[in-house]
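The following exercises concern the chain folds, the interface and selected residues of one model. Please examine the sequence and the structure before reading the solutions.

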Amino acid sequence: MTNTTSQRFKFLVLLVACVPFIYPFAFMFFTAMRPSEDYLESRLGLPTALTLEHVTYALDNAELGRGILNSMIAVGTGVAIVVVVSALGAYWFLRHSGRVANLLLGAILSLWIVPFVIYIIPLFVMLSDAGLTDNLLVLGAVYGAINVPFGLYLLYAYFRDAIPSEILQAAEVDGASGWQTFVRIVLPLSRPALATLAALAFVWTWGDLVISLILIQSSERFTLTVAASTLAGRFDSEPQANAAAALIALLPILIVFLFAQRAIRSGLTAGFGK
Amino acid sequence: MTESLSGARRRGDVGYLVPMLVLVGAVVLVPAGVAIFHSFTDWRPGGESPWVGLANYREFLSNPVTGEIVKNTAVLLIGVPLWTALPLLLAFALHERTRATGFFRAVFFFPAVLSPAIIGIMFRGILAPEGLVNELLLGVGVVGEPVLWLDEASLVKPTLIFVLAWASVGAGTILFAAAMTSVDNHLLEAAKLDGANWLQRLRYVVLPGIASVVAFWVVYQVVSVFLYVFGWIFILTRGGPGYSSTTLDFDVYQNAFANGLFGYASAQAVCLLVIAAIVVIVGFPLARRTRRA
């Protein structure tokens, strides 16, 4: 083959292109894990030894452990809400296709262009008046609502394209109620799409900072990113603790990414549609 | 018979829709409506909010910060060609069969699932005076003293453009790679036999085939500059130094939560919504009509 050299060259170029994407993570990892003496000597190379000292320090001083728990409560609530609410809503739109239904569908889908700064101010005021701020479940509900337009888009498209209408008709002829059809046919057939939505909603809301900064006031309810970043300012003079905080915040997303990469990819490309 | 049966059955269906309407209404629609209303008042939550008509909007037009915001946004938009070209090149490099595609895809894609809050903490370390970038540049001898990437007015926006390129390249690569699977491989082979080099194949064979996807991406990037830069500004620069990296959404946040100017911030937010809507309403139909590059 004449193109093996060009193949090799391209492979090499791709490898080089990887460096700016891998090295920052490696740098952060090594900064967090290398002993302090080592850091003073050289920051760029491989560490001479690994230590959990800075990770422990960040966990203790920034209360990141509690932050992880708080994030799990808020993000878990948000993921559960967006999956359930979007699935129910998408099922309604699957069964109703009149002009009103189409208008409503378009209206909800177009909400993604509403900037969060426009509704977060009144939402904060309204929730404060109702005594509902500083509440991780309310934060979770807000997370859920923010992802609903995407969830509806993803699940509606999946219900419509991946579930044969003959199956739905057959179920109806057999006397299955709408709810039975939903629970026994639509949901089991849509497992891939539901998983994609859950994975994407997880990584998107896990990284949220500002909404939780606005809606949560007491430090014992800080989510992980808030805990890590409000202390990032204090850690600016302690780069190794800073790197450790970033590493801890990133780890859960890395785990979800490794397990659900395909699902996340398919969700993102579906999000762009045609 | 079946029709009326399903009709009767579906009347009780509204329960499927109610949770969605309640949730979206309570979190997004009602608050957005309140913001639009209060953009015409001197809003003091918990107190009197006198009607001021268009005063907030007039203030927005005459405020010197607005000029800064327009300039900053315009400079950030210069990043769009870079944010489009990089993923195009990577996607095409991955498209024509190569080794370890899965590995490369994962590497380029991972930053795209991280949020500004998380990458931001990391980049503060990387861009710090004693951070990775400065250490490398000092080591090679390109610069004599550490560069203040985020603290110098002339550097902060180019730095942001590069950080955003780093963060968004994965999503673009995945999207373009998916689109490229629809390009006829025989055409690529034929072009290769005719002596078209790699860039020519990308330009003349692949690009026309995926032109509308690329156009969508461009419009999406433009919208992103208005809607999604907030997190980066918040973590990396706080709009500074001075106002040199302040964007409209960040200024809304500052005015509401730091300066207590709720009415003014609401008027700004309404303007932001209108701008985003115009970009989408004009941009997406244009993208849909794009056939050839």
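The exercises below each consist of a task and a worked solution.

**Conventions**

This is a predicted model, in which local features need pLDDT of at least 70 and side-chain atom pairs count only at pLDDT 80 or more, while totals for chains, interfaces and linings use all residues. Residues are numbered from 1 along each chain as its sequence is written, and chains are lettered from A and ligands numbered from 1 in the order in which they are written.

**Exercise 1. Describe the fold of chain A.**

Step 1. Count the elements, where helices (H or I, at least four residues) and strands (E, at least two) are DSSP runs numbered from the N terminus. Chain A has 13 helices and zero strands.

Step 2. Compare the radius of gyration, taken over C-alpha atoms, with the globule rule of 2.2 Å times the number of residues to the power 0.38. For the 274 residues of chain A the rule gives 19 Å, whereas the radius of gyration is 23 Å, so chain A is more spread out than a compact globule. Along the principal axes, its C-alpha atoms fill a box of roughly 75 × 70 × 30 Å.

Step 3. Assess burial: a residue is buried if 20 or more other C-beta atoms lie within 10 Å of its own, exposed if 12 or fewer, and partly exposed in between, with C-beta atoms placed from the backbone. In chain A, 45% of the 274 residues count as buried.

Step 4. Assess the contacts, which require C-beta atoms, placed from the backbone, to lie within 7 Å. Of the contacts in chain A with a separation of 6 or more, 78% are between residues 24 or more positions apart.

**Exercise 2. Describe chain B by the same steps, and state its domain division.**

Step 1. Chain B contains 15 helices and zero strands.

Step 2. Its radius of gyration is 24 Å, while a compact globule of 293 residues would have a value near 19 Å. The C-alpha trace of chain B spans about 80 × 75 × 30 Å along its principal axes.

Step 3. Buried residues make up 42% of the 293 in chain B. Among its contacts between residues at least 6 apart in sequence, 70% join residues at least 24 apart.

Step 4. Chain B is divided into domain 1 (2–38) and domain 2 (59–289), with bounds that come from an automatic or database domain assignment. The centres of these two domains of chain B, taken over C-alpha atoms, are separated by 35 Å.

**Exercise 3. Characterise the interface between the chains.**

Step 1. In total, 69 residues of chain B are in contact with 68 residues of chain A. On the side of chain B that touches chain A, helix α2 (residues 14–38) gives the most, with twelve residues.

Step 2. Classify that side, counting Ala, Val, Leu, Ile, Met, Phe, Trp, Tyr, Cys and Pro as nonpolar, Asp, Glu, Lys and Arg as charged, and the others, Gly among them, as polar. The side of chain B that touches chain A has 56 nonpolar, six polar and seven charged residues.

Step 3. Consider one helix pair, using axes that are lines fitted to C-alpha atoms, for helices over the stretch in contact, and angles that run from 0 to 180 degrees between N-to-C directions. The axes of helix α1 (residues 4–33) of chain A and helix α7 (residues 116–127) of chain B come within 11 Å and cross at roughly 85°. Since angles under 35 degrees count as roughly parallel, over 145 as roughly antiparallel, 65 to 115 as roughly perpendicular and the rest as oblique, α1(A) and α7(B) are therefore roughly perpendicular to each other.

Step 4. A:Pro24, A:Phe27, A:Met28 and A:Thr31 in α1(A) meet B:Met122, B:Gly125 and B:Ile126 in α7(B). The residues of this contact divide into five nonpolar, two polar and no charged.

**Exercise 4. Locate B:Phe230 and B:Arg238, and give their environments.**

Step 1. B:Phe230 lies in helix α13 of chain B. B:Phe230 is buried because 21 other C-beta atoms lie within 10 Å.

Step 2. Not counting residues up to four places away in sequence, B:Phe230 touches A:Val210, B:Thr247, B:Asp249 and B:Phe250. The C-alpha atoms of B:Phe230 and B:Thr247, 17 residues apart along the chain, are separated by 7.4 Å.

Step 3. B:Arg238 lies in the loop between α13 (230–237) and α14 (248–258) of chain B. Most residues other than glycine have a negative phi. B:Arg238, although not a glycine, has a positive phi of about 55°. With 14 other C-beta atoms within 10 Å, B:Arg238 is partly exposed.

Terms used: Contact = placed C-beta atoms within 7 Å.
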